[in-house]
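User: Please take a close look at one paired element of this model and describe it residue by residue. Afterwards, kindly set that element against the rest of the chain, giving the cut-offs behind each term.

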Amino acid sequence: MYMPPPPPTGGAGEQPRLYQVWRGSNEFFLQGRFIFGPDVRSVFLTMILIIAPVVVFCLFVARHLINDFPDSWGISVMVVVIVFTIYDLTLLLCTSGRDPGIIPRNSHPPEPESIDGINDTGVQTPQQFRLPRTKEVIVNGISVRVKYCDTCMLYRPPRCSHCSICNNCVERFDHHCPWVGQCIGLRNYRFFYMFVFSTTLLCLYVFAFCWVYVIKIRAAEQSSVWKALLKTPASVALIIYCFLCVWFVGGLSVFHLYLMSTNQTTYENFRYRYDRRDNPYNKGVLNNFLEIFCTAIPPSKNNFRARVTAGQGLQQTRSQSRGFMSPSMGKPIGDLEMDRKPVAPWDEPRTAADIRDLEAGLGVMFDEKEGRVAHASPDLSRDLPAEFVEGRSGMHSRQSSWVQRGDAIEASAVQMANARTTEASNNVAWSGTH
């Protein structure tokens, strides 16, 4: 398994490749030729769950059926299951080892909208910038809301969502599948469904020929089915295993068959409930299937093996918003993604994070107003003039006032709780005396 090393800092011929400075949680194989999710180890478990029963089937069932069919047709039972297994594993690798449709991150936020704020004293503050949290776009005559991604610093296209596991925005995001260790999106959904459907057929194939072998044993020994099952415990184990698996992969195949017929994704089906509203992407059953299986897969927007300059890799980690306010500022952190429950305003860690964002935004504005260089590195801060360092200390005093105010609120809450406890104890004592 390849773990991206730190980007080299040598000469012109030592520029790192994109996969070496990739900021997502993905893991790469063969120098960026294959991209997997962070849970890539689950792919090996899936392979074992497919290969192990096929090996048992070939050794204990198909091998005995070779001579039970005329004209050497018995050998085809083993050949078909081996070829079909290889085909199934190939689809698994095509699903988990390719770019699912990752949208490259921006190195800086888009152009924000300017607003003028007024403080409590009625004095107009310096011009600030705020990015709208959402935007409205028209898709097939229906208004669709797109959200701003704070991590990737872009407005997500329609049907795009940010995967919290892979830490990437994925086009036509369906879901993150732990069995294939990859997001399912625009560029691998076709292979995902073919893999699930072919696995269903493989289970049915093994299940059927295990029963064929049991029936042949019963006919050869003129015994009951139960006695024939006792003669081949491997067939019994495979029948039970395939019966359980076909409910999972078969049910998944039927569910995604419904999603494709209505042109929905799993994410949209559980989040938006298009049965109660218009689906702007539904083109009819036939056109929906043609879109999935008969259209060309768009090329990847990321060349993971491309060389990048050392500055590009550092630019992504040092890029900050210059004088604008993120859409998340002033809003509960828990409400940013997936409609999660907002956190309480007195949540200290999250409040501290908001204060740091506010300090960073004000600090950048202060730097630009004074004509000084923003985003100075900690090593260069020692060479700054003393008056500049003193000027920045005002920012820390603002943060201290915020922290003091939070401590005062917490102290007030404690005092109120103590007062209520004292009052309750007094009432209990009074009722006891009377």
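Analyst:
**Strand pairing**

Strand S5, residues 134-139, and strand S6, residues 142-149, are paired in the antiparallel sense over 6 bridges. Helices (H or I, at least four residues) and strands (E, at least two) are taken as DSSP runs and numbered from the N terminus, and two strands count as paired if DSSP finds at least two bridges between them. The model is a predicted one, so local features need pLDDT of at least 70 and side-chain atom pairs count only at pLDDT 80 or more, while totals for chains, interfaces and linings use all residues. Residues are numbered from 1 along each chain as its sequence is written, and side-chain values use heavy atoms, with hydrogens and water left out.

Within this pair, Glu 136 has Arg 145 of S6 as its bridge partner, and Val 137 stands opposite Val 144 in S6. The hairpin formed by S5 and S6 has 2 residues between the strands, and Asn 140 there adopts a positive phi near 50°. Most residues other than glycine have a negative phi.

The hairpin belongs to an open sheet of 3 strands, ordered S5-S6-S7, with antiparallel pairing. S5 and strand S7 (154-155) lie at the edges with a single partner strand each, so one side of each is left without a neighbour in the sheet.

The loop between S6 and S7 holds Met 153, which is not a glycine yet has a positive phi of about 55°. Met 153 counts as buried because its relative accessibility is 10%; buried means under 20% relative accessible area, exposed over 50%, and partly exposed in between, with a 1.4 Å probe and protein chains only. Another positive phi outside glycine, near 60°, occurs at Asn 167, in the loop between strand S8 (161-163) and strand S9 (168-170). Asn 167 is partly exposed, at 23% relative accessibility.

**The surrounding chain**

The protein has 10 helices and 11 strands. It contains 434 residues, of which 37% count as buried. Its accessible surface comes to about 25400 Å², with 62% of that belonging to carbon and sulfur atoms; the areas come from the Shrake-Rupley method with a 1.4 Å probe. Of the contacts between residues at least 6 apart in sequence, 63% join residues at least 24 apart, where a contact means heavy atoms within 4.5 Å.

Two helix pairs can be set beside the sheet. Two packed helices are described by the angle between their axes and the distance between the axes. The axes are lines fitted to C-alpha atoms, for helices over the stretch in contact, with angles from 0 to 180 degrees between N-to-C directions.

The axes of helix H1 (residues 41-65) and helix H2 (residues 74-96) come within 9 Å and cross at roughly 175°. H1 and H2 are therefore roughly antiparallel to each other; angles under 35 degrees count as roughly parallel, over 145 as roughly antiparallel, 65 to 115 as roughly perpendicular and the rest as oblique. The residues in this contact include Ile 50, Val 54 and Phe 57 of H1 together with Val 81, Leu 89 and Leu 92 of H2. By class, the contact of H1 with H2 has 16 nonpolar, 4 polar and 2 charged residues. Here Ala, Val, Leu, Ile, Met, Phe, Trp, Tyr, Cys and Pro count as nonpolar, Asp, Glu, Lys and Arg as charged, and the others, Gly among them, as polar.

For helix H5 (residues 233-262) and helix H7 (residues 285-293), the axes come within 7 Å and cross at roughly 110°, which makes H5 roughly perpendicular to H7. On the H5 side the contact is made by Leu 257, Met 260, Ser 261 and Thr 262, and on the H7 side by Val 285, Asn 288, Phe 289, Ile 292 and Phe 293. This contact of H5 with H7 comprises 6 nonpolar and 3 polar residues, with no charged ones.

Two individual residues complete the account. Leu 229 lies in helix H4 (residues 225-231) and is buried, at a relative accessible area of 13%. Its contacts, leaving aside neighbours within four places in sequence, are Trp 211, Val 214 and Val 236.

Arg 17 is found in the segment before strand S1 (27-29) and counts as buried at 18% relative accessibility. The C-alpha atoms of Arg 17 and Val 308 are separated by 5.7 Å, although the two are 291 residues apart along the chain. Not counting residues up to four places away in sequence, Arg 17 touches Phe 304, Arg 305, Ala 306, Arg 307 and Val 308.
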